[in-house]
Amino acid sequence: MDFVNNSWYVAGWSKDFKSNITTVEMLSQSLVMFRATSGEISALEDRCPHRLLPLSMGKRIGDTIQCGYHGMTFDKVGKCVRVPGQANTPARADIRAFPVVEKNGIVWVWMGDPDLADAENVFDMPEFHSDDWHMHHGGHLHLKCHYLNVVENLVDPAHVSFVHPTTLGNASSEDVPVHVSTSENVIRAWRWIRNAPAVGFFKEFGNFHGHVDRWHYYNLHLPSTAVIDFGSIATEENCAEEDRDRGVRVFALHFVTPVDEHYTIDHWMHLRNSARGQDSASEKIDGLLETAFQEDKAILEAVHKAEQRVQPRKPVRIAIDKGPNVYRKRIRDLVDAENTEHLGDPIAPAFVYKD
Ligand code: FES
Ligand SMILES: [Fe+2]
């Protein structure tokens with residue numbers, strides 16, 4: 001199914017999880033989640049081992065969940081603590097609990113081998129912890145399409161000229177080449193558009209009206225976290241590539257969670273280096289991004305539908321596809337590595353692209 005299991009995936013924002021039982025679907029599995037009285041979040045298999053009724057249809061009693069069919073009861077780590085009608089609670093009736101980490105207002109769940117779950121590997125960036133940056137949790141975009149199409153769109157700066165003509169792009173970037181490089185876990189695709197009219201987003205947020213230099217750096221942390229660093233600065237400022245903080249700089253973050261092969265949730269938020277502490281700026285950016293994301297959604301859902309039909313020809317690949325091509329290759333390698341027992345020496349992930 002092209003899912004990478006051994007990774008942390010976002011289930012939602014901290015504020016989304018309260019004491020009530022909620023269901024979260026990811027990687028074709030169903031989880032039941034709730035915030036225990038200790039404040040920790042529990043994520044359990046949403047399936048009673050008896051007749052397979054989803055436990056989310058039962059009820060929470062203290063820090064346990066009682067099945068809504070015959071009352072078998074499970075604690076917050078999945079241990080069966082009651083079987084009505086008998087005295088024993090065999091360990092074979094325990095259900096799976098998934099590791100959960102809550103960090104920076106984001107809730108992550110580990111879907112793979114529990115022995116490999118390492119909280120140190122949860123995505124983080126210095127700007128989350130800096131007073132120079134304003135962090136704002138946005139929304140959850142639901143898309144009826146495969147997650148690989150969503151993520152490849154997030155390592156593809158070339159689409160903005162055509163898909164987002166009123167917000168993130170305009171005609172002046174249509175023919176600007178895309179650069180791509182990779183390191184072990186990150187694929188970066190980027191380009192600068194120098195001395196061109198500001199795009200809609202930076203007219204609204206940044207108040208640029210003359211010519212600007214604009215950048216888009218799409219940093220894709222495998223398997224499905226995108227950090228899009230974009231911004232603008234007046235052209236006469238002669239901004240060097242590494243001096244982007246001199247301009248109005250925004251990081252749009254996308255935590256893409258595959259639900260199943262036909263459905264994906266993109267949990268999106270942003271960080272910015274200006275208008276810190278201003279809720280009105282957060283609302284304005286949410287509105288601009290939502291407009292852009294609805295444009296992506298229309299494209300991606302139509303592409304997914306077209307992919308389900310008989311294909312009369314081989315797909316065509318073009319020069320601006322460097323980012324998506326590298327991304328799909330890296331995902332194939334990760335999925336193969338998870339699904340194969342290598343009894344010899346481990347194979348190093350040697351594929352590194354640099355143009
Ligand atoms: S289905 Fe859950 S106790 Fe019977
Ligand atoms: Fe887009």
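**Figure 1. Asn 104, a partly exposed residue in a loop of the predicted model.** Asn 104 has 16 other C-beta atoms within 10 Å and is therefore partly exposed, on a scale in which a residue is buried if 20 or more other C-beta atoms lie within 10 Å of its own, exposed if 12 or fewer, and partly exposed in between, with C-beta atoms placed from the backbone. Asn 104 sits in the loop between strand S9 (100-103) and strand S10 (106-110), where helices (H or I, at least four residues) and strands (E, at least two) are DSSP runs numbered from the N terminus. Although Asn 104 is a residue other than glycine, its phi is positive, near 55 degrees. This is a predicted model, in which local features need pLDDT of at least 70 and side-chain atom pairs count only at pLDDT 80 or more, whereas totals for chains, interfaces and linings use all residues. Residues are numbered from 1 along each chain as its sequence is written, while chains are lettered from A and ligands numbered from 1 in the order in which they are written.

**Figure 2. Leu 52 and Pro 223, two loop residues with backbone features of note.** Leu 52 is found in the loop between strand S4 (41-45) and strand S5 (59-61), and its phi is positive at about 70 degrees although Leu 52 is not a glycine. Because Leu 52 has 10 C-beta neighbours inside 10 Å, this residue counts as exposed. Pro 223 lies in the loop between strand S14 (211-221) and strand S15 (225-234), and the peptide bond that leads from Leu 222 to Pro 223 is cis, with omega near 0 degrees.

**Figure 3. Surroundings of Ile 41 in strand S4.** Ile 41 counts as buried because it has 23 C-beta neighbours inside 10 Å. When residues up to four places away in sequence are not counted, Ile 41 touches Phe 17, Met 33, Arg 35, Val 100, Glu 102 and Val 107, a contact being a pair of residues whose C-beta atoms, placed from the backbone, lie within 7 Å. The C-alpha atoms of Ile 41 and Pro 99 are separated by 9.4 Å, while the two residues stand 58 residues apart along the chain. Met 33 is in turn in contact with Ile 41, and also with Ala 11, Phe 17, Thr 22, Val 24, Ser 42 and Ala 43, leaving aside its neighbours within four places in sequence.

**Figure 4. The largest nonpolar core, with 86 residues.** A nonpolar core is a set of buried Ala, Val, Leu, Ile, Met, Phe, Trp, Tyr and Cys residues joined through C-beta atoms within 7 Å. The members that touch the most other members are Met 33, Val 109, Val 151 and Val 155, and the largest share of this core, 7 residues, comes from strand S16 (residues 248-260). The core lies between domain 1 (8-119) and domain 2 (130-307), because both give residues to it; the domain bounds come from an automatic or database domain assignment.

**Figure 5. The contact between domain 1 and domain 2.** The C-alpha centres of the two domains lie 34 Å apart, and the contact takes 9 residues from domain 1 and 8 residues from domain 2. On the side of domain 1 that touches domain 2, strand S1 (8-13) and strand S2 (22-26) each supply at least two residues, and S1 gives the most, with 4 residues.

**Figure 6. An open sheet of 7 strands with antiparallel pairing.** The strand order is S11-S17-S16-S15-S14-S13-S12, with two strands counted as paired if DSSP finds at least two bridges between them. Strand S11 (134-143) and strand S12 (179-182) stand at the edges, each with a single partner strand, so one side of each is left without a neighbour in the sheet. S12 and S13 run antiparallel and are joined by 4 bridges, and they form a hairpin with 3 residues between them; His 179 has Trp 190 in S13 as its bridge partner. S13 and S14, likewise antiparallel, are joined by 10 bridges, and the bridge partner of Trp 192 is Trp 215 in S14. S15 and S16 pair in the antiparallel sense over 8 bridges, and Ala 226 stands opposite His 254 in S16.

Key. Two residues are in contact if their C-beta atoms, placed from the backbone, lie within 7 Å.
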